[in-house]
Amino acid sequence: MVQIDPGTLFFAAIFTNNILLTNFLGLCPFLAISREVKPAMGLGAAVVFVMTCTAVLNYLVYYYVLLPLNLEHFRYILFIVIIAAFVQLVEMTVERFFPALYYVLGIFLPLITVNCAILGASLFLIIREYTFVQSMAYGAGSGVGWMVAIIAVGAIREKVQKSAKLPRGLEGPALTLIITGVMALAFTAFSGMIQIQ
Amino acid sequence: MKKRLFSILYMFLLTFFFTSIVSAVKIYSQAKIETNQRVKLQRIILDVLRMPVGEGISNRRVVELFDQRVRETEGKDRTLYVGYAEDGRAITGYAFPVGGPGFWGPIYGMVAVDPSGTEILGVAFYKHSETPGLGARITEDWFTKQFRGLPLRPEEAKKKIFYLKSAGTAQAGNELDAVTGATGTSRAVEAFLNKELAHFLKDIWPEVRKKG
Amino acid sequence: MPKRLTNTQIFVQGLWNDNPVLRQVLGICSTLAVTNLLVNTLVMNAGLVFTVTMSSLTVSLLRKYTPMRIRMMAQTLIIASYVIIVDISIAAYLPDISEALGPYVGLIITNCIVMGRCEAYARNNPPWPSFLDGLAMSLGYSCVLLVIALVREPLGFGTILGQRIMPDGFTPWTIMIMAPGAFFTLGLLVWFLRAYFPLVTQEKKER
């Protein structure tokens, strides 16, 4: 039904409909993540990969298995199972072929499973009735958008906490939330940029 | 080995148990969910056909009224809902579903035209994913009532049937107020609704007129 | 290591001391999005409280039978099932709100609090305290979100539960309806609480 071309959708998912800054998804690891940019990028890359693949997998499962069998209400269970299985797969691959990265990411890798953004992306693409290619673009774009948001806010937070004297109580989650708010505000400026039709 | 077997069996039993419960809840509520959706659609159809279906009207009354006054028929690519007067013979209007991309996701609505096909009786939107308080305001009365009486002129094929302008700047008869603060949604609605109306006039209406 | 707490203590701890949102800033993902309308927040909270308490209770009842290695899978299954039940119920009895909530009800599954309580408490403790713990945590969470909604809806729409409460000349702060408003409100709330009601453990960390 929706006629956005996948390229535009990819960019829209990063800027105008950023899954973290506009849909509030994927905040948990965000607030707990270390302030180093390197691990953040590693995690971001992992998330992009998982998001794109699970978006596609879940699309296929929903339209070719659940709908024909009239079992759409089980999508929550099936989606999270697919995500968990996929993350497990990624974890094993990273441990085997990129041990340094595995060591650095530590517990964040399995925690990708409960990242609201990943399940959220799959649920959104169903609600918005995206086609296969659109789903792929949306999954990839959302992942990249999440990564961009995390790195940007993390970098700002690192700078602020190093150089500024903060009032009592502001340090930590409160500051991160406010920075996120400002960033979300900045991103709303993008909404005029993309012409949907 | 025994532990593994037990784990597998356990998961199996647990899955079976919970999926049964979920299925039971689903089956129990299925009828209600479908009724909700059907009545909602009927209410919208009656509303755009300008039949008396205000706030306080019960679901039962909606179904009654719909059965009495509306007949479904197949248009070229979508269902047409023909509204009849109380005597059951005179046609008061034709309603048809429309849909298109909104800003966040697809928007579905219903449009009704008068029996001569030259004027819009009413417009309503019943499904969308727009932002509450912003894009979602397209469902509000002040927005949808603007479409009432909008002329449909098939001769002016190139031009749009209506334009959405920032609140307060609409001047010509076919310029309507957009939703303030919801530029994306307003642009999307202007685009797809115009397209659907043009398509209706060009492809669907001629057949309806022929059938009489 | 932790002392055996009385049931009341467990309850209070969940509501205030260990309030998941304010102290640990966990699990805000799914619900923050709907806090721009009070009625949506209330329904979402009800769904969350139901899920957390029932999941904690179920996990606790099954804790002696669930093999260690598959407990995460079992917990996920249990939580997902309750969430589906909530989703279906809302769709059947509150269809308009169900549409407004969209996918966010389903996202309760990935809400850190639900899984967190099962892992941290329910799988090692008897059913009744687990139930209370889940109840307290989810109610504490709900209160915080209610406060946020009570800021966002009046300022953003000028209404509470759909009833106009702001004077006629009031221009709504549209930013409160959108994402930045939620982030700012929660951020300010956490800041305020951390500054004026610090916990002993927190002070130790900051030293």
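1. How many helices and how many strands does chain A have? In this predicted model, chain A contains nine helices and zero strands. Followed along the sequence, the pattern of chain A is accordingly written α-α-α-α-α-α-α-α-α.

2. The overall dimensions of chain A may be considered next. Its C-alpha atoms occupy a box of roughly 60 × 45 × 25 Å along the principal axes. The radius of gyration of chain A is 18 Å; because a compact globule of 197 residues would have a value near 16 Å, the two agree.

3. As to the interior, 48% of the 197 residues of chain A count as buried. A residue is counted in this way if 20 or more other C-beta atoms lie within 10 Å of its own. Contacts within the chain are also informative: of those between residues at least 6 apart in sequence, 81% join residues at least 24 apart.

4. The model also shows a contact between chain C and chain A, to which chain C gives 34 residues and chain A gives 34 residues. On the side of chain C that touches chain A, the elements giving two or more residues are helix 2 (29-32), helix 4 (71-93), helix 6 (112-120) and helix 8 (179-196) of chain C. Helix 8 of chain C supplies the largest share of that side, namely eleven residues.

5. Which kinds of residue make up the side of chain C that touches chain A: nonpolar, polar or charged? The division is 26 nonpolar, seven polar and one charged.

Technical notes. Residues numbered from 1 in each chain as written. Chains lettered and ligands numbered in written order. Predicted model: local features only at pLDDT ≥ 70, side-chain atom pairs only at ≥ 80, totals over all residues. Helix = DSSP H or I, 4+ residues; strand = E, 2+ residues; numbered from the N terminus. Rg over C-alpha atoms; globule rule 2.2 N^0.38 Å. Buried ≥ 20, exposed ≤ 12 C-beta atoms within 10 Å, placed from the backbone. Contact = placed C-beta atoms within 7 Å. Nonpolar A, V, L, I, M, F, W, Y, C, P; charged D, E, K, R; others polar.
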